[in-house]
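Let's take a walk through the hollow spaces of a protein, and then stop at a single residue. Have a look at the picture before reading on.

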Amino acid sequence: MNNQILIKEKLQAKLENIQTKSNGSPVTDLQLDKTLAAEIEQLTTELESVNPNLNPLLYATSLLEGAWQLQYSTAREIRSLASLPLGLKLGKVYQVIDVANKLFFNLAKVQHPLGLVSGYVKVTASFEPAKEYLEPIANKRLNVYFDKRYLSIEKIVGINTPQLNPFKVVPANNPTGRTATLDITYLDETLRIGRGGDGSLFILSKSENLPDFTS
């Protein structure tokens with residue numbers, strides 16, 4: 001067994017052990033003790049060092065395509081979803097990428113534990129490969145431009161509510177004074193690791209549970 005596979009299996013086993021919620025919601029570092037969070041960061045860094053696709057935007061765009069489920073993150077926007085109003089709980093979080101059109105959307109499912117309400121928050125965005133001054137050929141960094149945020153209620157006490165899907169559409173927030181970026185630091189057929197411009201970490205696994213991208 002090569003080193004890449006061994007490190008990947010260790011990281012995935014660690015994530016599976018902490019993924020105790022049956023609804024599949026992503027885990028954040030704030031939900032873990034500091035030692036465990038540090039262990040995940042260490043394994044992630046080790047896996048990034050043996051990335052089989054060092055230039056994903058040049059040679060591995062086909063691997064980016066499709067739906068990814070977020071497993072773990074240290075991002076502020078994911079941490080904030082742990083405290084939703086009205087007793088709502090975060091469910092699965094997906095990112096669906098359309099490489100050909102340079103579009104993606106983030107989709108966070110939410111539901112009430114008693115089944116009173118279920119819905120989602122969706123943020124649409126576009127992206128382009130970033131060309132750095134010292135790196136004229138784009139290879140792993142994306143510039144990200146958020147577009148719209150959709151707030152939707154799909155069901156109330158089990159009854160479909162198409163009139164509330166969505167009930168609110170607003171412009172999405174982009175960072176002030178800078179362009180949001182994402183570095184793809186590890187990529188294979190089933191796992192993707194990304195680092196945001198603020199240093200935040202995202203670990204995602206490939207998913208077959210969502211349809212192809214629709215705008």
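## A word on strands

Strands here are DSSP runs of E, at least two residues long, and they are numbered from the N terminus. With that in hand, keep in mind that what you're looking at is a predicted model.

## The closed-off space

How many cavities of 30 Å³ or more does the structure hold? There's one, and the largest cavity has a volume of about 80 Å³.

Its lining includes Leu64, Gln95, Ile97, Phe104 and Phe127, and also Leu142, Val144, Leu182, Ile184 and Arg192. Strand 3 (89-98), strand 6 (141-156) and strand 9 (180-187) each chip in at least two of the lining residues. Sort that lining by class and you get eight nonpolar residues, one polar and one charged.

## The largest pocket

Now for the open spaces. The largest pocket takes in about 1000 Å³. It has 34 lining residues, and those nearest its centre are Glu77, Ile78, Asn106, Phe146 and Phe202. Which elements give two or more residues to this lining? They are helix 5 (76-80), strand 3, strand 4 (103-111), strand 5 (117-129), strand 6, strand 9, strand 10 (191-196) and strand 11 (201-207).

As for the mix, the lining of the largest pocket has 18 nonpolar, ten polar and six charged residues.

## The second largest pocket

Next up is a space of about 330 Å³, the second largest pocket. Its lining is made of 16 residues, with Pro85, Leu88, Val110, Ile153 and Phe167 closest to the centre. Two or more lining residues come from each of strand 5 and strand 6, and strand 5 gives the most, with five.

How does this lining divide by class? Twelve residues are nonpolar, four are polar and none is charged.

## Stopping at Gln69

Finally, let's zoom in on one residue. Gln69 sits in strand 2, which covers residues 66-73. Is Gln69 buried or exposed? Its relative accessible area is 11%, and buried means under 20%, so Gln69 counts as buried.

What's around it? A polar atom of the Gln69 side chain lies 3.3 Å from the backbone oxygen of Gly24. Setting aside neighbours within four places in sequence, Gln69 is in contact with Gly24, Lys92, Val93, Tyr94, Ile203, Leu204, Ser205 and Ser207. So Gly24 turns up twice, because a contact just needs heavy atoms within 4.5 Å, and the 3.3 Å pair fits that too.

Notes: Residues numbered from 1 in each chain as written. Predicted model: local features only at pLDDT ≥ 70, side-chain atom pairs only at ≥ 80, totals over all residues. Heavy atoms only, no water. 1 Å grid on protein atoms, 1.4 Å probe; cavity = no way out; pocket = protein on both sides within 12 Å on 5 of 7 lines; lining within 4 Å. Points joined across faces, edges and corners; volume = space filled by probe spheres on them. Helix = DSSP H or I, 4+ residues; strand = E, 2+ residues; numbered from the N terminus. Nonpolar A, V, L, I, M, F, W, Y, C, P; charged D, E, K, R; others polar. Buried < 20%, exposed > 50% of the residue type's maximum accessible area, 1.4 Å probe, protein only. Polar contact = N/O pair within 3.5 Å; in protein donor to acceptor, adjacent residues only side chain to side chain.
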